[in-house]
Amino acid sequence: MRPQSFILVLSLLFFFLHCTKTLCQSPAAAPAMAPPKTPVKAPPADSSQAPSAQVATSPGPVDINKILQKAGHFTVFARLMQATTEDTELNKELNNTNNGITILAPTDSAFSTLKAGFLNSLSDEDKTELVKFHVLPAFISTSQFQTVSNPVRTQAGTGPRVTLNVTTTGNFVNISSGLTNASISGTVYTDSQLAIYQLDKVLFPLDVFTPKPPAPAPEPALGKPRKAAPDAESPTAPKDISGAPALLFLLNNALLLAVSCAFGAIIYS
């Protein structure tokens, strides 16, 4: 029995060694894969601030309001232009003359940052001036902003209270009213006579939104010249009477002589 037991033990030992070798040669487990990351999406851009697609020119008379409506997100500014009839005036000028016009059109998003009811609180005169403040009486191309001379005149008039200042850095164009700093964020429309640019803020003219300077004092009325006050009477200088006694003496003598003669004539006649 011993040989059989010995053979059994050897068989078991051989089997154990074979299994150990097989396990050692098995491939290592593959590393666990990290769960796929969900890509982070950028927040959607504000479509009202994104540059508008440039409106193509079309044959026929120019209509500023139609251009703004076709461009989109200029509803408030288009309504202001209609309410003040500024669009009608500009269309007449563009279609009947060779004058150039540049319009700085704030987006609806620019108007939405204003206080509620702000536009309704303005008088009709102030609304008209606000619209005209966004209109330049000359055609200015994008490249001409680099060399434009300050201050830039607007349709609202002349003088520091209704003019703009333009500064550029590369292709970046900044426009200042003294109260507002705005930037041109795109070209809405351009031809050989009219240019419309998208503006990210509403420009506030000093003439409307700051106290007006006091009026100069009226000049005094021209009247009859006033008489000068009489000077105080100066003491009269004493007259020189040093020769008076001698004169009186002669007069007295002459009178006495005349009396004496007369008297003598009477007596001695």
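Which residue in strand 5 does Val166 stand opposite? The notes below come round to that pair, after a few words on the sheet as a whole. Please keep in mind that this is a predicted model.

1. The sheet. Seven strands make up an open sheet with mixed pairing, and their order across it is 2-1-7-6-5-4-3. Strand 2 (135-136) and strand 3 (152-153) take the edge positions; each has a single partner strand, so one side of each is left without a neighbour in the sheet.

2. The strand 3 edge. Strand 3 runs antiparallel to strand 4 (residues 163-169), and 2 bridges join them. You can pick out both by residue: Arg153 faces Thr163 in strand 4, while Val152 has Leu164 as its bridge partner. As general background, strands in a sheet pair through backbone hydrogen bonds, in either a parallel or an antiparallel way.

3. The hairpin, and the opening question. Strand 4 also pairs with strand 5 (residues 172-176), again antiparallel, through 5 bridges. Here is the pair asked about at the start: Val166 stands opposite Ile175. The two strands form a hairpin with 2 residues between them, and Gly170 in the turn shows a positive phi of about 65 degrees.

4. Backbone spots to look at. Two further places may interest you if you check torsions. The peptide bond between Asn150 and Pro151 is cis, with omega about -5 degrees; Pro151 sits in the loop between strand 2 and strand 3. His73 is not a glycine, yet its phi is positive, at about 45 degrees. You will find His73 in the loop that lies between helix 2 and helix 3. For context, most residues other than glycine have a negative phi, and most peptide bonds are trans.

5. The helix pair around that loop. The axes of helix 2 and helix 3 (residues 75-83) come within 9 Å and cross at roughly 165 degrees. With the cut-off for roughly antiparallel set at over 145 degrees, that makes helix 2 roughly antiparallel to helix 3. The crossing of helix 2 past helix 3 is left-handed.

6. The largest pocket. Its volume is about 170 Å³. Helix 2 (residues 64-71) gives the most to the lining, with 3 residues. Among the lining residues are Lys66, Ile67 and Lys70, along with Val55, Asp63 and Tyr189. Sorted by class, the lining of the largest pocket holds 6 nonpolar, 3 polar and 3 charged residues.

Notes:
Residues are numbered from 1 along each chain as its sequence is written. This is a predicted model: local features need pLDDT of at least 70, side-chain atom pairs count only at pLDDT 80 or more; totals for chains, interfaces and linings use all residues. Side-chain values use heavy atoms; hydrogens and water are left out. On a 1 Å grid over the protein atoms alone, a cavity is a set of points where a 1.4 Å probe fits but cannot get out, and a pocket is an open set with protein on both sides within 12 Å along at least five of seven lines; lining residues have an atom within 4 Å of a point. Grid points are joined across faces, edges and corners, and a volume is the space filled by probe spheres set on the points. Helices (H or I, at least four residues) and strands (E, at least two) are DSSP runs, numbered from the N terminus. Ala, Val, Leu, Ile, Met, Phe, Trp, Tyr, Cys and Pro count as nonpolar, Asp, Glu, Lys and Arg as charged, and the others, Gly among them, as polar. Two strands pair if DSSP finds at least two bridges between them. Axes are lines fitted to C-alpha atoms, for helices over the stretch in contact, and angles run from 0 to 180 degrees between N-to-C directions. Angles under 35 degrees count as roughly parallel, over 145 as roughly antiparallel, 65 to 115 as roughly perpendicular and the rest as oblique. A crossing is left-handed if the near helix is turned anticlockwise from the far one by less than a right angle, and right-handed if clockwise.
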